[in-house]
Amino acid sequence: MRTIVHLSDLHFGALLSPTLDPLVEHVTRIAPDLVVISGDLTQRAQPEQFEAARAYLKRLPGPQLVIPGNHDVPLYDVVRRFASPLGRYKEYITPDLAPVFIDDEIAVVGINTARSLVFKGGRIGAAQLAEAVSHFHGLRGSQARIVVTHHPFDVPEGLDGVEVVGGAERAIAGFERCKVDAYLSGHIHLVHFASAARYRPGYQAALLQAGTATSSRARRESNSFFVLKVDADAIQCETQSWNPDEKRFELLRSNRFPRVSNGKPPAQ
């Protein structure tokens, strides 16, 4: 079994500061095999926000797989937004915008969906999809297959102003052929579970949207993060929620999602 901690939407520059130390302590106690951070490390992509985010990531256990979000692209600095949208992210966090983690039990592939041309939305391009798919087709074991994006593949009903990631239908079609088991994303600051069957009937991969771990901009619910326990048959997703009275994260609920790969080789 492998344990993955999934954090999203840290938003340094707009923090709920009391969450910071307890989150580090909680994640350290879990001792995960991988920590995934699915974008929006900063609020406005300012150098001091990236510096603070970098320092915080160093306090969390490794290995880590980190991707940017739309807030990691400058909003008001128009020149930088288009000339070097993720320049500061690459300088302070990592130059790798397509990170991959593969071991004997899990294969986790990150995709950068942040774009200069839109303020909130994101997209998966054809070249990005081809690169991601190649990692899964290259597997020689029965690893659980997981995709990480910032922008979601599903949005809760009634949530205005948020759209699914651009290129979602094409991406899901490609990933279904690879038997991807789960999709991790953030962006909406809400915990939300859905199924890839909304795109491809019969394809029951889990769409898992994490809430914000540390931002002061939570929506209708407490700050939270996921702990994923991956075995040969399923992915158990624990929602760890912030308790402001006790000043700690604690288990809110646990959901089990059967794997679609089930150890079979990916379709070619």
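A salt bridge is counted where a side-chain nitrogen of Lys or Arg lies within 4 Å of a carboxyl oxygen of Asp or Glu. In this predicted model, Asp154 and Arg198 satisfy that criterion, with their closest N and O atoms 2.7 Å apart. Asp154 belongs to the loop between strand E6 (144–148) and helix H6 (168–177), and Arg198 to the loop between strand E8 (192–195) and strand E9 (206–209), so the salt bridge ties together parts that are 44 residues apart in sequence. Asp154 counts as buried because its relative accessibility is 11%, under the 20% limit for that class. Arg198, with a relative accessible area of 45%, is partly exposed.

The structure holds 8 salt bridges. Another of these is formed by Glu105 and Arg2, whose closest N and O atoms are 2.9 Å apart. This pair also links distant parts of the chain: Arg2 is in strand E1 (residues 2–7), whereas Glu105 is in the loop between strand E4 (100–102) and strand E5 (106–110), and 103 residues separate the two. Arg2 has a relative accessibility of 18% and therefore counts as buried. Glu105, at 29% relative accessibility, counts as partly exposed.

A further salt bridge joins the side chains of Glu250 and Arg248, with an N to O distance of 3.1 Å. Both residues fall in the partly exposed class: the relative accessible area is 29% for Glu250 and 43% for Arg248. Some salt bridges share partners, and in this way Arg2, Asp103 and Glu105 are joined into one network.

Burial was also examined along a helix. Helix H2 (residues 47–59) consists of 13 residues. From its first C-alpha to its last, H2 reaches 19 Å, which is close to the 18 Å expected at 1.5 Å a residue. The buried residues in H2 are Gln49, Phe50, Ala53, Tyr56 and Leu57. Because these residues cover an arc of only 125° around the axis, they are placed on the same side of H2. An α-helix has 3.6 residues a turn, so residues three or four places apart point the same way. The buried residues of H2 pack against two other helices and two strands, namely helix H1 (20–30), helix H4 (87–92), strand E2 (34–38) and strand E3 (64–67).

How values were computed:
Residues numbered from 1 in each chain as written. Predicted model: local features only at pLDDT ≥ 70, side-chain atom pairs only at ≥ 80, totals over all residues. Heavy atoms only, no water. Helix = DSSP H or I, 4+ residues; strand = E, 2+ residues; numbered from the N terminus. Buried < 20%, exposed > 50% of the residue type's maximum accessible area, 1.4 Å probe, protein only. Expected span 1.5 Å × (residues − 1). Arc of directions from axis to C-beta. Contact = heavy atoms within 4.5 Å.
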